[in-house]
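Please open the structure in your viewer, with selections by residue number ready to hand. The tour below goes through the empty spaces, one stop after another.

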Amino acid sequence: MQLKAGRTGQAREVLAESRWDYALRAHRSLTLGSIVAGRGEADQWMAEAPTDPDACLLYARTAMIRALRAADAGDERMPELAALADRACLRAAEANDADPTPWVTMLALARLGHKPVNGPPDLDTPGPWDLMGEVWRRDLENREGHHRLLTCFFARYGGSLDAMWQVAQWFGQRTPVTSALQILQLAALAEHYRSRRDSLAEHRRHRGRRDVARDLAPERQWGTPQAVDVTRRIYEHWFFAAKDAPGLLPIADYSLLAHALFMGQQEDIPRAARVLTAMSPYASSYPWSLFGDPAQELTRAYSACRVPLPGA
């Protein structure tokens, strides 16, 4: 609210407070950057304090968001905005060398044209691994960084379903069962569904609606033995560790897990109910938005799971 009123004092305070808490810093800078991306507060602060690491970071976040929005809208200014955002990220990295967030922000931009490099020796999937390496050197389990990396392998951004699954499963096999990086496999499940939905939509004119509906049935995605096994393992290990951990509530991760449980087997409904309860009163529109209006889809899930709606 302060930022929307043109006052940056409180934003400066919360970013300064998070300078050495990288998870909190990523969350706060992305939230604030999303608010001011269409405004001039970050640009003004950067002009006033060009060496301030917090000013540099907020400006880099806003520049990244502007470039991605331009790409998604097919705006011809995208290359110029992407180059500007890359320069802003490098400047933020120089202002605070220990902070992984500028490199995470560059990972977000990588799908706009970063030259791929070879991955780890046992993962033959080229991508922006050089940028991921910079993140790893500063924060080995950085959540946003790994999700940004996975995005670069999405089919809709020039990758492929095979590459996406290889990367998600590689992390699933090489991180502890209590790690938040296990959630990458659920993010891949949701993106796989989106890819199938979009592909089938292109052929809707040549196929009956009944065929499309059958091919898109959620049980074909979340109800397979492999998907059920992964989802339950994440629930049994990561969820119970996360819900007792201090710090930010992992709402986006809770949302992916609750959705996967809800869309899986009928016997997983009580598990989904526990995750929905843990994230209340907060919510994330994704991945519920894959099926229509996210508020309606979440309301349906709360009702089916017999969990009271937040605020009801």
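Helices here are DSSP runs of H or I with at least four residues, numbered from the N terminus. The model is a predicted one, and its residues are counted from 1 along each chain.

Begin with the enclosed space: select helix 13, residues 225-242, together with helix 14, each of which supplies at least two residues of the lining of the largest cavity. Helix 13 gives the largest share of that lining, 3 residues. Next, show the side chains of Trp222, Ala227, Val228, Thr231, Ala260, Leu261, Gly264, Gln265 and Asp268, which line the largest cavity. Coloured by class, this lining divides into 5 nonpolar, 3 polar and 1 charged residues. The volume of the largest cavity is about 30 Å³, and a search of the whole structure for cavities of 30 Å³ or more finds 1.

Keep helix 14, residues 251-263, selected, since the tour now turns to the largest pocket, to whose lining helix 14 also supplies at least two residues. Add helix 2 (22-36), helix 4 (53-72), helix 6 (101-109), helix 8 (143-151) and helix 10 (184-202), each of which likewise supplies at least two residues of this lining. Among the contributors, helix 2 has the largest share, with 7 residues.

To centre the view, select Leu30, Arg143, Glu144, His147 and Ala252, which, of the 48 residues lining the largest pocket, lie nearest its centre. The space in this pocket amounts to about 1900 Å³, and its lining comprises 26 nonpolar, 9 polar and 13 charged residues.

Notes:
This is a predicted model: local features need pLDDT of at least 70, side-chain atom pairs count only at pLDDT 80 or more; totals for chains, interfaces and linings use all residues. Side-chain values use heavy atoms; hydrogens and water are left out. On a 1 Å grid over the protein atoms alone, a cavity is a set of points where a 1.4 Å probe fits but cannot get out, and a pocket is an open set with protein on both sides within 12 Å along at least five of seven lines; lining residues have an atom within 4 Å of a point. Grid points are joined across faces, edges and corners, and a volume is the space filled by probe spheres set on the points. Ala, Val, Leu, Ile, Met, Phe, Trp, Tyr, Cys and Pro count as nonpolar, Asp, Glu, Lys and Arg as charged, and the others, Gly among them, as polar.
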